[in-house]
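Work through the exercises below with the sequence and the structure side by side. Each task is followed by its solution.

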Amino acid sequence: MQLDLESLSEATSGAIGSLVATTVLYPLDTCKTKYQAEVQAKQNRKYRRISDVLWEAISTRQVLSLYQGLGTKNVQSFVSSFIYFYGYSCFKKLYLKKTGNKTIGTAANLLVATAAGVSTIVITQPLDTASSRMQTSEFGKSKGFWKTLSEGTWSEAFDGLAISILLTTNPSIQYTAFDQLKQRILKGKLSEKTGTKSSPEALSAFSAFVLGAVSKCAATCLTYPAIRCKVMIQAADSDDDKRTPAERKAQRTISGAFHTIWRREGLLGFFNGLQAQILKTVLSSAVLLMVKEKITKSTWILMLMLARFLSVNSPKLKTA
């Protein structure tokens, strides 16, 4: 029972951390996404910098539109984080049980994180697609979740699935780097109470924030060209879009998105908006991991209380 409760505790704390980070940083996420979705030569761009998106919202009195799609994004963030952390914890424990090792190496950690990421993407892709379309809609013209998805076919709800699976390397790199750094910091700091109940080891809020920022920054820089293409594939069509239906359909593919960026913006276009992406994702990931680390022990205790309340067998707790 320990495996299930600890995995559930990890998933719950991770999902809550993701929900907090998404809500706090959502206006920045909207500005970042709309900025990335525009693909034009520099002289023809509507948004020359990310601050132009914010200024448009202010000048058109559509500041609240910076929160368009927040509900869908929160559901997507909570569900995907819960599934990811639950899967990651289960796969990791299964690996340690099968191999008999006490710790997991970098290569195995990457494999476990990727497996958890793929499982998450397949389940939550329609939510991700809907939230991206709602964010990139013109200010004041965003539609609800069901209306956004119903305008296209069922297969279009999975736009960007292939590149999203490819991008599982991003959280895989991030959480592997975080977990490896965390293990080094916590090494030698095991509980001194032998034979007593103990909750999972946790970092301090500051350490979790710093490690989360560093690990996410590395992952973002390595995978950014694919991130930019994913935003383009999932972006909503604007009212003044002059592309033909064939051109729009072509841009919904990985090769089409890459070709469009290369033709209109050149090589540097694949990194256009990288600073905004790093700012948003590093802050978001750092907040997520900081919150997760600080509530893990509380969540663990709540899970134990719930288990006892439901009259299940008390789990064997970790001992030092």
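**Exercise 1. Decide whether Q234 is buried or exposed, and find its surroundings.**

Step 1. Q234 has 0% relative accessibility, so it counts as buried; buried means under 20% relative accessible area, exposed over 50%, and partly exposed in between (1.4 Å probe, protein chains only).

Step 2. The residue belongs to helix α9, residues 205–234. Helices (H or I, at least four residues) and strands (E, at least two) are DSSP runs, numbered from the N terminus.

Step 3. Not counting residues up to four places away in sequence, Q234 touches Q125, D128, T129, S132, R133, D159 and R252, where contact means heavy atoms within 4.5 Å.

Step 4. With the side chain of T129, the side chain of Q234 makes a polar contact at 3.3 Å. Such a contact is a pair of N or O atoms within 3.5 Å; within protein, one must be able to donate a hydrogen and the other to accept it, and residues adjacent in sequence count only if both atoms are side-chain atoms.

A note on the source: this is a predicted model, in which local features need pLDDT of at least 70 and side-chain atom pairs count only at pLDDT 80 or more, while totals for chains, interfaces and linings use all residues. Residues are numbered from 1 along each chain as its sequence is written, and side-chain values use heavy atoms, with hydrogens and water left out.

**Exercise 2. Do the same for S164: which side chain does its own side chain meet in a polar contact?**

Step 1. S164 is found in helix α7, residues 161–166, and is buried because its relative accessible area is 2%.

Step 2. The partner is the side chain of Q125, at 3.2 Å.

Step 3. Neighbours within four places aside, S164 is in contact with I121, Q125, D128 and K230.

**Exercise 3. Classify the aromatic pair of Y84 and Y88.**

Step 1. Rings of Phe, Tyr and Trp (its six-membered ring) pair if their centres lie within 6.5 Å; planes under 30 degrees apart count as stacked, over 60 as edge-to-face and the rest as tilted. The count by this rule is 6 aromatic pairs.

Step 2. Y84 and Y88 are 6.1 Å apart centre to centre, with 10° between the planes, and the pair is stacked.

Step 3. The two tyrosines are 4 residues apart in helix α4 (residues 70–99), so about one helical turn separates Y84 and Y88. Both Y84 and Y88 are buried.

Step 4. For contrast, F145 and W146 form an edge-to-face pair, 4.9 Å centre to centre with 70° between the planes. W146 counts as exposed because its relative accessibility is 66%.

**Exercise 4. Which residues have the most contacts inside the largest nonpolar core?**

Step 1. A nonpolar core is a set of buried Ala, Val, Leu, Ile, Met, Phe, Trp, Tyr and Cys residues joined through side-chain atoms within 4.5 Å.

Step 2. The largest has 21 residues, and those with the most contacts inside it are Y84, F85, Y88, Y175, L203 and L288.

Step 3. At least two residues of this core come from each of α1 (2–24), α4, α5 (106–136), α8 (169–186), α9 and α12 (274–309).

Step 4. A second, separate core of 17 residues includes C229, I233, A257 and I261.

**Exercise 5. How many residues of α2 are buried?**

Step 1. In α2, 11 of the 12 residues are buried, so the helix is largely enclosed by the rest of the structure.

Step 2. Among the buried residues are Y26, P27, D29 and K34. K34 also lies over the face of F139, 4.8 Å from the ring centre; the rule asks for NZ of Lys or CZ of Arg within 6 Å of the ring centre and within 35 degrees of the ring normal.
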